[in-house]
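Here is a quick tour of a chain, for anyone who likes to read a model with the viewer open. Let's start from one residue and work outwards.

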Amino acid sequence: MNDSSWDAPAGSGRGGPHQGPAPAGPAHEGRPAAQTRPMPIVPDVPAGGFQDGHGRGAAHPSGPLFRDETPHEHPQEPMSSRTPPPPPAPPAPRQKKSAGRDLGAAIGVGVGLGAVIIASLFIWKAAFVGVVAVAVVVGLWELTSRLQERKRIKAPLVPLAVGGAAMVVAGYVRGAEGAWVATALTALAVLVWRMTEPPEGYLKDVTAGVFAAFYVPFLATFVSLLLAADDGPWRVLTFLLLTVVSDTGAYAIGWRFGKHKLAPRISPGKTREGLVGAVTFAMAAGALCMQFMIDDGIWWQGLILGLAVAASATLGDLGESMIKRDLGIKDMGTLLPGHGGIMDRLDSLLPTAPVVWLLLVLFVGTG
């Protein structure tokens with residue numbers, strides 16, 4: 001079969017008895033003609049629009065005549081038939097500031113702790129020493145547990161707990177000399193206790209242990225020194241009130257007016273406005289406490305005391321925030337609902353205790 005026989009049109013005479021010469025021209029030079037589709041005939045549209053078979057005007061087609069023709073809105077289309085624009089979205093409700101904690105639980109726990117402290121402080125001073133010793137032991141447990149979990153540092157808890165409780169008791173019974181001796185023996189016990197384990201990590205473990213001994217129980221012994229004075233319960237109450245008032249002032253003013261960060265890399269929630277609130281509240285409370293609660297105290301001494309407490313409490317809070325940042329945790333524990341752990345409550349109290357003790361000794365003596 002000839003390869004070109006299928007593309008000859010019917011009736012052309014090709015291959016028939018009356019075959020004639022092909023017409024001249026390039027379209028018939030022995031090559032098959034390309035097949036094409038017939039172009040549709042578009043009738044002319046009169047000025048009055050399309051007409052039907054009876055001569056009546058027909059409606060304009062609803063769609064475009066060609067594929068590349070863009071449909072336009074009919075000039076006689078009424079405005080009411082257009083789709084109305086969607087109504088504007090309502091403004092998003094303004095988010096309220098949140099404290100970030102369960103305030104109800106925090107207030108309840110704070111009131112409960114305050115009742116225990118006040119009762120032990122004014123009923124039996126030795127009971128308050130026991131409360132401080134328990135808080136120290138729990139704080140050491142939280143600190144050493146977080147160090148082991150997050151940094152693989154095994155600070156010896158047993159010598160720290162025993163030595164820490166002994167430091168608090170020695171400060172109350174034997175004064176500053178007893179506290180120093182107990183502190184030295186605790187550090188020595190940490191060094192010896194760690195020798196019972198393999199030497200790998202010995203240096204970092206004992207370093208963390210000695211740090212914990214000074215950070216928690218040693219600073220807490222100054223509370224015992226405050227309590228040992230004749231008006232010891234009132235000195236301790238002044239110390240606690242000024243620290244709490246400083247923290248409350250910083251929180252209240254910072255939450256309401258805080259805009260400028262105090263130390264964003266350490267504690268993003270603290271603001272300079274909050275620091276001003278802490279200083280203002282603490283100085284006012286210090287003047288009242290020195291005038292009415294401390295024997296031979298004068299109101300202007302309370303202003304200095306309040307300023308020092310606000311500074312030390314803020315630094316103590318930032319110091320523990322630095323530790324928690326390094327450990328990658330939010331709280332030291334979960335023992336106190338709404339507060340975190342014991343160490344999260346002792347952070348501003350611990351560094352404030354020696355400051356209050358020293359200033360009261362300078363202002364009114366040891367008592």
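Leaving aside its neighbours within four places in sequence, which residues is Q301 in contact with? In this predicted model, the partners of Q301 are M290, D296, F363 and V364. Q301 itself sits in helix α7, which covers residues 299-327. Is Q301 buried or exposed? Its relative accessibility is 6%, and the cut-off for buried is under 20%, so Q301 counts as buried.

**The chain as a whole**

Stepping back, the secondary structure comes to nine helices and two strands. Along the sequence they run α-α-α-α-α-β-β-α-α-α-α. The chain has 367 residues, and 35% of them count as buried. Take the contacts between residues at least 6 apart in sequence: 68% of these join residues at least 24 apart. As for the surface, the chain exposes about 23100 Å², with carbon and sulfur atoms supplying 65% of that.

How far should you trust what you see? The mean pLDDT of the chain is 81, and 71% of the residues reach 70 or more. Over residues 1-36, though, pLDDT is below 50, and this stretch has nine contacts in the model beyond near neighbours in sequence. Residues 45-75 also stay under 50, with 13 contacts beyond four places in sequence.

**Helix α9 and the core**

One of the partners of Q301 was V364, and that takes us to helix α9, residues 349-364. α9 has 16 residues and spans 21 Å from its first C-alpha to its last, close to the 22 Å expected at 1.5 Å a residue. Its buried residues are L349, L350, T352, A353, P354, V356, L359, L360 and V364. What do they pack against? The answer is α4 (202-227), α5 (232-257), α6 (272-292), α7 and α8 (343-346). After α9 comes G365, with a positive phi near 90 degrees.

Nonpolar side chains tend to be buried together in soluble globular proteins. Here the largest nonpolar core has 56 residues, and V236, F239 and L305 are the ones that touch the most other members. α4 gives this core its largest share, 13 residues. L305 makes a handy landmark: leaving aside neighbours within four places in sequence, it is in contact with T238, L242, M290, V356, L359 and L360. Three names on that list, V356, L359 and L360, also turn up among the buried residues of α9. M290 is in contact with L305 and with Q301 too.

**Two loop residues with positive phi**

Most residues other than glycine have a negative phi. Which way do R152 and D296 go? R152 has a positive phi, near 60 degrees, and is found in the loop between α2 (125-151) and α3 (157-194). Phi of D296 is positive as well, near 65 degrees, and D296 lies in the loop between α6 and α7. R152 has a relative accessible area of 63%, over the 50% cut-off, so it is exposed. D296 reaches 69% relative accessibility and therefore counts as exposed too. So a buried Q301 has an exposed D296 among its contacts.

**Salt bridges**

Side chains of opposite charge can pair when their charged atoms come close. The structure holds seven salt bridges, including these:

| Pair | Closest N to O distance |
|---|---|
| R235 and D231 | 2.9 Å |
| D317 and K270 | 3.0 Å |
| K324 and D344 | 3.0 Å |

Take D317 and K270: D317 lies in helix α7 and K270 in strand β2 (residues 267-271), so the pair ties together parts that are 47 residues apart in sequence. K324 and D344 form another bridge, and this pair links helix α7 with helix α8, 20 residues apart.

Where do the charged partners sit, buried or exposed? R235 and D231 are both buried. K324, with a relative accessible area of 11%, is buried, and D344 counts as buried at 2%. The K324 and D344 pair also belongs to a network of salt bridges that takes in E320.

Key
Residues numbered from 1 in each chain as written. Predicted model: local features only at pLDDT ≥ 70, side-chain atom pairs only at ≥ 80, totals over all residues. Heavy atoms only, no water. Helix = DSSP H or I, 4+ residues; strand = E, 2+ residues; numbered from the N terminus. Buried < 20%, exposed > 50% of the residue type's maximum accessible area, 1.4 Å probe, protein only. Contact = heavy atoms within 4.5 Å. pLDDT = per-residue confidence, 0-100. Expected span 1.5 Å × (residues − 1). Salt bridge = Lys/Arg side-chain N within 4 Å of Asp/Glu carboxyl O. Core = buried A, V, L, I, M, F, W, Y, C linked by side-chain atoms within 4.5 Å. Areas by Shrake-Rupley, 256 points an atom, 1.4 Å probe, with all protein chains shown as cover.
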